[in-house]
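Me: I'm in my first year and still learning to read protein structures. Could you take me through one part up close, the aromatic rings and how they sit together?

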Amino acid sequence: IPDITPPITHLHKNLVPYITNANDMYSAFIKFWLTAEDIKGESDGIATGVDKTFINIDNTGFIEYSNQLINSFTEAQHNLKYFSIDKIPNYETTNVYEFLVDTTMPATAAEIRNSFNQIISVNPTNLIGSGFTLRLMGTDPVSTGVSSGLNRIEYKLNNGSWSIYTYPVNLDTLPNGYSSISYRSIDNVNN
């Protein structure tokens, strides 16, 4: 009984996608690789083995895949098309995987308000008094039509640990003298 079953190609990735609007989204650190197997089908006498695997990255044309990592994606929508053939040759139906890459870091704006809720300019020489609060605002800008969205804002006072920002931070707890305030925004693909 001949081999009539095509091989199966598996797409592997080093990151779990963030899923938005039914699209898989990754940071620039995404890496893909392929493996293929030729399994004996129910009506096959044998499985002859995988002969070759082919890949087409972003519609640039199929080339033979040779166990290399597939990476270095720009911020945009991308697609991978891939298939394998066995030694008969039985051709696997082409697989298509579409995904988005977000490489733009989110932005964070800060403002300090005094006890009268007036905005005080943020600069290294600010004098902070009783009733002052820190307010943070973050955005994840759309670039080339891609944005994974803002996940969270974090801050730390002096050498403390990072905390998730949820509401204005009371600065009354800062010690007398020089203090530092650090803050950052993180999007849904960890930029």
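Reply: Sure! Keep in mind that this is a predicted model. The structure holds eleven aromatic pairs, so let's zoom in on a few of the rings.

Start with Phe32 and Phe99. Their ring centres are 4.9 Å apart and their planes meet at 55°. Planes under 30 degrees apart would count as stacked and over 60 as edge-to-face, so this pair is tilted.

Now look at where the two residues come from. Phe32 lies in strand 4, which covers residues 32-37, while Phe99 belongs to strand 8, residues 95-101. Because of that, the pair ties together parts that are 67 residues apart in sequence.

Are these two buried or exposed? Both Phe32 and Phe99 are buried. For Phe99 the relative accessibility is 1%, and buried means under 20%, so Phe99 counts as buried.

Phe99 has another ring partner, Phe73. Here the centres are 5.2 Å apart and the planes are at 90°, so this pair is edge-to-face. Phe73 sits in the loop between strand 6 (63-64) and strand 7 (76-86), and with Phe99 in strand 8 the pair links distant parts of the chain, 26 residues apart. Phe73 has 8% relative accessibility, so Phe73 counts as buried too.

Let's step back a little. Which residues make up the aromatic cluster around these rings? Tyr26, Phe32, Phe73, Tyr97 and Phe99 form one aromatic cluster. So when you find Phe99 in the viewer, look for Phe32 and Phe73, each paired with Phe99, and then for Tyr26 and Tyr97, which belong to the cluster as well.

Tyr97 also has a charged visitor. The charged end of Lys13 sits over the ring of Tyr97, 4.6 Å from the ring centre. You can find this kind of arrangement at Trp162 too: the charged end of Arg184 sits over the Trp162 ring, 3.8 Å from its centre.

To pull it together, picture Phe99 in strand 8 with a tilted partner, Phe32, and an edge-to-face partner, Phe73. Phe32 comes from strand 4, whereas Phe73 comes from a loop. Tyr26 and Tyr97 complete the list of cluster members, and Lys13 places its charged end over the Tyr97 ring.

Technical notes: Residues are numbered from 1 along each chain as its sequence is written. This is a predicted model: local features need pLDDT of at least 70, side-chain atom pairs count only at pLDDT 80 or more; totals for chains, interfaces and linings use all residues. Side-chain values use heavy atoms; hydrogens and water are left out. Rings of Phe, Tyr and Trp (its six-membered ring) pair if their centres lie within 6.5 Å; planes under 30 degrees apart count as stacked, over 60 as edge-to-face and the rest as tilted. Helices (H or I, at least four residues) and strands (E, at least two) are DSSP runs, numbered from the N terminus. Buried means under 20% relative accessible area, exposed over 50%, partly exposed in between (1.4 Å probe, protein chains only). A charge sits over a ring if NZ of Lys or CZ of Arg is within 6 Å of the ring centre and within 35 degrees of the ring normal.
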